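Colleague: I would like to learn how to read a model like this one. Please take me through it feature by feature.

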Amino acid sequence: MEVFVVSLLNGLVYGMLLFMLASGLTLILSMMGVLNFAHASAYMLGAYFAFTISQHIGFWPALVIAPLLCGLIGAAIEMWGLRRVHRNGHVAELLFTFGLALIIEKVVQMTWGLLPVPYRIPELLDFPLFTIYGTHFPAYRAFMLLVSALMFGAIWLGLTRTRIGLIIQAALTHPEMASALGHNVPRIFTLVFAAGTALAGLAGVIGGNYQVTEPAMAFTMGPIVFVVVVFGGLGSLTGCFIASILMGLIQTFAVVFDVSLADLLARFGFVVTKETPFAEVLTVTLPRIGALLPFLMMVLILVFRPRGLMGTRDT
Amino acid sequence: MQPRKGLSALLGFVLALAAGGTAWAQQTIKIAYTDPLSGPFAQVGDANLKQMQYIIDFINAKGGALGKKFELVPFDNKSQPSDALIALKSATDQNMPFIMQCSGSNIAAALIEAVNKHNDRNPDNRIIYLNCGAVAPELTNEQCSFWHFRFDLHAAMKAEVMVRALPKDITKVYLINQDYLFGQSVQREVKNYLTKLRPDVQVVGDELIPLGKIKDFSPYITKIKASGAQALLTGNWGPDMNLLIKAGVDAGADLRYYTFYAHLAGGPTAIGAGGDNRVLAVMPFNENVAPEIGNAEAEAFARGFREKHKFDFSSAGFRTIFEYLQAAINKAGSLDPTKIAYAMEGLSHKDFLGFDSTMRKDDHQIVSVYFVGVFKKGVKYDAEGTGLGWGTAATVLAKDIDQPNSCKMKRPKM
């Protein structure tokens with residue numbers, strides 16, 4: 001029970017962090033069709049900006065300024081980079097963002113160095129909020145949950161209940177029509193891309209001190225975010241949310257259960273010994289492959305339900 | 001015909017340059033250095049590179065070897081054995097007598113095999129592999145090679161140091177290691193020495209994790225707490241170590257952490273003040289050893305690096321490698337790798353802290369002094385500006401960790 005409750009909380013925190021990252025990507029991917037490889041780089045930039053800003057004027061201003069900076073960079077990338085590349089099709093876009101991710105990593109290494117930077121959580125939140133079965137639950141994790149929940153609400157309301165959300169949705173499905181009605185479609189795309197990048201930046205600000213801020217953080221977070229987006233389904237914020245929480249919980253609980261295929265077979269009266277064929281594979285325990293489970297699930301969903309959990313069209 | 005003449009003149013010039021280049025290159029003793037200089041483990045490779053460069057400058061200022069200076073040539077291997085082999089190829093193409101590599105026993109295993117093959121086939125262009133930190137015991141036992149010299153204690157020796165440092169009141173331990181050659185060796189050896197030296201200690205958990213894949217270790221900490229362990233023993237390095245301890249400290253787990261690599265670049269920053277008196281590491285050197293034993297000269301040497309690069313000099317032990325090289329080359333009186341290798345085996349040396357060390361002849365494994373450092377407040381030199389630093393909790397002399405080996409060394413003709 002103890003392990004269950006604590007793992008549930010941990011899974012939730014990690015899942016919400018994933019959601020903050022993935023929501024921006026899912027916006028960009030579903031609206032513009034751009035598979036943005038540089039998305040996790042914006043996450044990293046957010047963390048580094050927040051680190052530098054918090055050294056001078058504190059964490060709270062950084063919480064606002066760093067995502068804005070990331071958003072501006074995103075807008076610049078869309079206006080002067082992606083828009084030109086866009087004419088050459090999706091492969092060109094994909095390669096463009098891939099190159100961008102490598103360049104950003106190198107720039108970060110040259111600016112802030114290869115070592116992790118001491119980006120710490122603000123003192124105001126540096127205390128255990130409550131203690132559950134002897135394990136501290138840091139207040140900062142609760143704060144992360146709060147920020148991501150607010151963000152989810154804000155995006156959802158913005159997209160479904162405001163005029164600008166309406167225009168964005170229209171521009172995505174029927175760009176020519178929206179343009180004929182007098183809306184500036186390229187500007188809407190820039191806005192969406194900037195907003196997506198800013199969201200990743202925000203995730204970086206609150207994720208950078210929860211994990212470690214170092215040049216490899218984009219590289220380690222990148223793949224899992226793609227899994228979330230594909231699993232949740234294109235164009236669905238709700239699907240993305242469910243997938244994020246699910247991935248967070250799966251990774252957390254996979255660690256806790258020390259079971260293997262051999263144990264499962266033993267239930268059916270089939271005992272695995274060293275002589276059994278594939279004994280090596282059958283006795284691998286769940287925690288050892290926990291980190292791979294999300295990728296396995298992505299493969300399965302692509303085979304059996306290509307549109308993802310709540311997607312509106314095929315990936 | 002004028003243009004063609006111009007072209008051949010240019011060609012001649014380029015050739016002359018190239019020839020001049022090689023002539024100049026022979027003035028230095030080149031050491032190819034290959035480690036991850038990009039990717040998730042880049043921080044470790046980069047820190048090593050800076051520290052070695054500092055040491056080489058120092059050794060060169062003292063005259064190098066045979067009147068020649070050492071020169072380090074870095075190659076990024078991105079933690080991939082295949083890239084390390086490309087580095088080896090470049091090194092042998094340029095006739096470099098040495099290749100050095102520190103991170104990753106899987107890479108080391110590939111290098112040993114490739115160096116053996118290369119040296120068999122090219123008796124007049126051989127290369128020596130200096131291993132500065134790949135510590136799977138297999139490399140100097142089953143896989144031992146005449147061309148391979150290891151300048152760090154292997155995992156079994158480190159495991160013994162770690163187990164010896166466990167206080168009497170700790171009776172329940174949890175093991176977490178990375179799921180590859182090195183991590184599995186640590187897992188095996190720690191259990192082995194626990195049975196031998198501390199039969200009262202119970203292993204309540206024993207786990208392997210995928211290398212460099214886990215971003216949040218909180219679930220592991222929950223599990224460790226539930227198991228009732230008092231100490232966590234781990235060979236993890238890089239982000240796998242940093243994130244693990246950070247998660248433990250954040251959760252306020254009442255644990256002591258016994259590590260192989262918490263002192264390396266990035267570790268202290270990730271651990272922070274919450275790790276005060278909880279985190280221990282087995283290490284060949286820390287900056288507080290010199291002031292603790294009152295060796296002012298060694299202290300000044302370490303301080304010089306700190307002032308120049310603004311970060312810790314955690315691997316000053318690399319100086320021993322270059323002092324061995326210097327001694328072996330001077331003893332051999334030649335730059336022929338075969339002669340140097342013969343000169344190096346069995347060589348003994350007093351390191352700059354004043355402790356004895358020996359490059360064992362049977363398996364080319366160094367035995368040297370080792371320390372157990374504890375991360376705490378109030379030491380003279382802090383680590384990575386955290387205000388906390390490594391104080392020496394235990395010192396284990398070379399003669400006490402001289403473990404047996406099973407190497408059957410094949411030696412070439414001189």
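Colleague: How many helices and strands are there in chain B?

Modeller: This is a predicted model. Chain B holds 13 helices and 15 strands.

Colleague: Where is confidence lowest and where is it highest in chain A?

Modeller: Where pLDDT is low, the coordinates should not be read in detail. In chain A the mean falls lowest, to 74, in helix H12 (residues 279-282). The highest, 94, belongs to helix H2 (residues 39-56) of chain A. Over the chain, pLDDT averages 86, and 98% of the residues of chain A score at least 70.

Colleague: What does the radius of gyration say about chain B?

Modeller: Set it against the value for a compact globule. For 414 residues that would be near 22 Å, and chain B has 22 Å, so the two agree. Along the principal axes, the C-alpha atoms of chain B fill a box of roughly 85 × 45 × 45 Å. Of its 414 residues, 52% are buried. Among contacts in chain B between residues at least 6 apart in sequence, 71% link residues at least 24 apart.

Colleague: How many residues does each chain give to the contact?

Modeller: Chain A supplies 30 residues and chain B supplies 31. On the chain A side, elements giving two or more residues are helices H1 (2-32), H9 (217-232), H10 (237-256) and H13 (286-289), along with strand S2 (135-138). H1(A) has the largest share, six residues.

Colleague: Which kinds of residue make up the side of chain A that touches chain B?

Modeller: That side divides into 19 nonpolar, eight polar and three charged residues.

Terms used: Residues numbered from 1 in each chain as written. Chains lettered and ligands numbered in written order. Predicted model: local features only at pLDDT ≥ 70, side-chain atom pairs only at ≥ 80, totals over all residues. pLDDT = per-residue confidence, 0-100. Helix = DSSP H or I, 4+ residues; strand = E, 2+ residues; numbered from the N terminus. Contact = placed C-beta atoms within 7 Å. Nonpolar A, V, L, I, M, F, W, Y, C, P; charged D, E, K, R; others polar. Rg over C-alpha atoms; globule rule 2.2 N^0.38 Å. Buried ≥ 20, exposed ≤ 12 C-beta atoms within 10 Å, placed from the backbone.
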